[in-house]
Amino acid sequence: MSQRPSYAVGTGLFIVLGFAALGYLATQTTSVANTSRGPSYTVEAHFANIGQLKERAPVKVAGVRIGQVQSIVLDPGKETADVKLAIDQRYDKIPTDSVATIFTSGLLGDQYVGIQYGSSAKPLANGGTLALTRPAQQLEEMLGKFFGAGGAADNLGGSYTVKARFTNVGALSAGAPVKMAGVAIGSVKSVLADPVKLDALVELSIDKKYAQIPDDSAAAVFTSGLIGTQYVAIQPGGSPDALKDGDELVLTQSALQLEDLIGKFLVSGSGDKKPDGAPASSSSSPAGKH
Amino acid sequence: MSAPRDNIVTRSLAQIGDCGLFLLQILAAIPRSLRHARETVRQLWFVGAMSLIIIMVCGLFVGMVLGLQLYDVLSIFGGTSATGTVVAIAIYRELGPVVTALLFAGRAGTSVTAEIGLMRATDQIAAMEMMAVDPIAYVAVPRFLAGVIAMPLLCCVFCALGIFGGHLVGVSWLGIDNGTFWSNMTATVDLVKDVLNGVLWKSVVFGGVVSLIAVFQGYTTPPTSEGVAYATTRTVVASSIAILALDFVLTAFLM
């Protein structure tokens, strides 16, 4: 056997190191680290709406990952999604009447399937079906419910219409709530641009229950929360006379543009706080002493 | 090679054409060069293992500076927990392969060009032909193969050190939670899309291109000291352009 060259060992070490690095990258830093190996069994769940759920999304019980989404197909002939879940074999005590729900991790996070245990003593078998499901919550719906809570006042007693003029209504649209003291008392009937006065003419349809609103009240276009919908707020005045059908609210306050507000906020609020240990603060202090 | 090439366009086109033909010659000579496997191992040691230090140090610093910059920017949006994810994706998809290839061209490509160029200038290649040793199979192919094999391995080491550097700055220094750093990374980084397409395919292609250019420039250099100097410069220039242009094309295809 000829003498082994001195570089052979080093080259071998280099190759081993390279493959070790590749193995590390592939198994520890990618989604492979999350997929569980080992035997699993499959159960089905039918959802009315899966939102943004993707294949390989986690399946969780009490926040703990027990499997992943295997496949998502549309049920033939029905408007429901057939989602197959691959669940680790060791979690084989899931009651048959458990509820599968599609949740979102955080406000903007990925979606996953959460299973809440039922009370049945019978565990789910391979190929079984989770009959009870709750579809994905659409963010739009939730925001609508949240911000428009009690948005539509009950219109049982009939309503009367008053007008208000704004120089800027922002994103106000017909159907938006009209609130007084935070309580919905009616809705916006129409939003039109006045071709003569060049401003926005808003018709407010107010429930007849609230017939005692002073006629010198002010109307303002507000936004619920940071990203909420806009509504018209009535700020009561002190006049003894009440608003009547067809009256006009003279005092109005236009919508604040979010862009303006954020612009003001960013300009005034920048640079007054730095995170601890940030490079800017640590590097500027020694420079200032010189 | 002998026809007068008057302007830069025809000269460049002729170079690209010659380079392509040279690649075919190399590929055709690969079976013949299997007898010189030990030479390939020696070149692998030379272009791969000897480049490890520079690749590791650069990878560490690239990861560290990415961690620092991303933390700074993401803290504006309150999203510092995404630092690990963005560091990993940026390194796997772009910085890892590209920076490794650029360093590889500077560290290994130039010395390959200079070595082959000097062999040419000192008539060693002509002497091999006289002795019925195929210079393509004995000189060109082992260096080409060594580059193709070494680049992906170097790129993996670069990426691993880059992640480590990002972790060092993000977690140890700036105080991102360790678990958040890793779980966000593993939740987003994909094996096929990021590691396979980014790290492996790109670096195999870059390794082939850089080695081809280096070997070709050395092999066709005018046999003068000035010619060797020019060939070495051209290796770096042509490799850098080819890497960055191919990076765009590959990204467009692999996305």
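Strand β4 of chain A, spanning residues 81–88, shows a neat two-faced pattern: A:Ala81, A:Val83, A:Leu85 and A:Ile87 point to one face and are buried, whereas A:Asp82, A:Lys84, A:Ala86 and A:Asp88 point to the other face and are not buried. In general terms, side chains in a regular strand alternate between the two faces of the sheet. All of this comes from a predicted model.

What sits on either side of this strand? Strand β1 of chain A (residues 40–47) runs antiparallel to β4(A) and is joined to it by 8 bridges. Within that pairing, A:His46 has A:Asp82 of β4(A) as its bridge partner, and A:Asp82 is one of the residues on the face that is not buried. Strand β3 of chain A (residues 64–74) also runs antiparallel to β4(A), this time with 7 bridges. Here A:Ile72 is bridged to A:Val83, a residue whose side chain points to the buried face. β3(A) and β4(A) together make a hairpin, with 6 residues between the two strands. In the turn, A:Gly77 has a positive phi of about 80°.

Zooming out, these strands belong to an open sheet of 8 strands in chain A, with mixed pairing and the order β7-β1-β4-β3-β2-β6-β5-β8. The edges are β7 (129–130) and β8 (132–134), each of which pairs on one side only. A parallel element of the sheet is the pairing of β2 (residues 58–61) with β6 (residues 111–116) of chain A, made over 2 bridges. In this pair, A:Lys60 has A:Gly114 of β6(A) as its bridge partner.

Further along chain A, two residues were looked at one by one. A:Thr223 lies in strand β13 (residues 218–223) of chain A. Is A:Thr223 buried or exposed? With 19 other C-beta atoms within 10 Å, A:Thr223 counts as partly exposed, since the cut-off for buried is 20 or more. The C-alpha atom of A:Thr223 is 8.0 Å from that of A:Ala255, although the two residues are 32 residues apart along the chain.

A:Ala174, by contrast, is placed in a loop, the one between β9 (159–166) and β10 (177–180) of chain A. A:Ala174 is partly exposed too, with 13 other C-beta atoms within 10 Å. Leaving aside neighbours within four places in sequence, A:Ala174 is in contact with A:Val188, A:Lys189, A:Ser190 and A:Val191. A:Val202 is 28 residues away from A:Ala174 in sequence and 8.7 Å away in space, C-alpha to C-alpha.

As for confidence, chain A has a mean pLDDT of 77, and 78% of its residues reach 70 or more. Over residues 271–290 of chain A the pLDDT is below 50, and that stretch has 10 contacts in the model beyond near neighbours in sequence. Residues 149–155 of chain A also stay under 50, with 10 contacts beyond four places in sequence.

Turning to chain B, helix α1 (residues 8–29) packs against helix α6 (residues 135–173) at an angle of about 100°, with the axes 9 Å apart. The two helices are therefore roughly perpendicular to each other. α1(B) contributes B:Gln25, B:Ile26 and B:Ala29 to the contact, and α6(B) contributes B:Ile136, B:Ala137, B:Ala140, B:Val141 and B:Phe144. By class, the residues of this contact split into 7 nonpolar, 1 polar and no charged.

Technical notes: Residues are numbered from 1 along each chain as its sequence is written. Chains are lettered from A and ligands numbered from 1 in the order in which they are written. A residue is buried if 20 or more other C-beta atoms lie within 10 Å of its own, exposed if 12 or fewer, and partly exposed in between; C-beta atoms are placed from the backbone. Helices (H or I, at least four residues) and strands (E, at least two) are DSSP runs, numbered from the N terminus. Two strands pair if DSSP finds at least two bridges between them. pLDDT is the predictor's confidence in each residue, from 0 to 100. Two residues are in contact if their C-beta atoms, placed from the backbone, lie within 7 Å. Axes are lines fitted to C-alpha atoms, for helices over the stretch in contact, and angles run from 0 to 180 degrees between N-to-C directions. Angles under 35 degrees count as roughly parallel, over 145 as roughly antiparallel, 65 to 115 as roughly perpendicular and the rest as oblique. Ala, Val, Leu, Ile, Met, Phe, Trp, Tyr, Cys and Pro count as nonpolar, Asp, Glu, Lys and Arg as charged, and the others, Gly among them, as polar.
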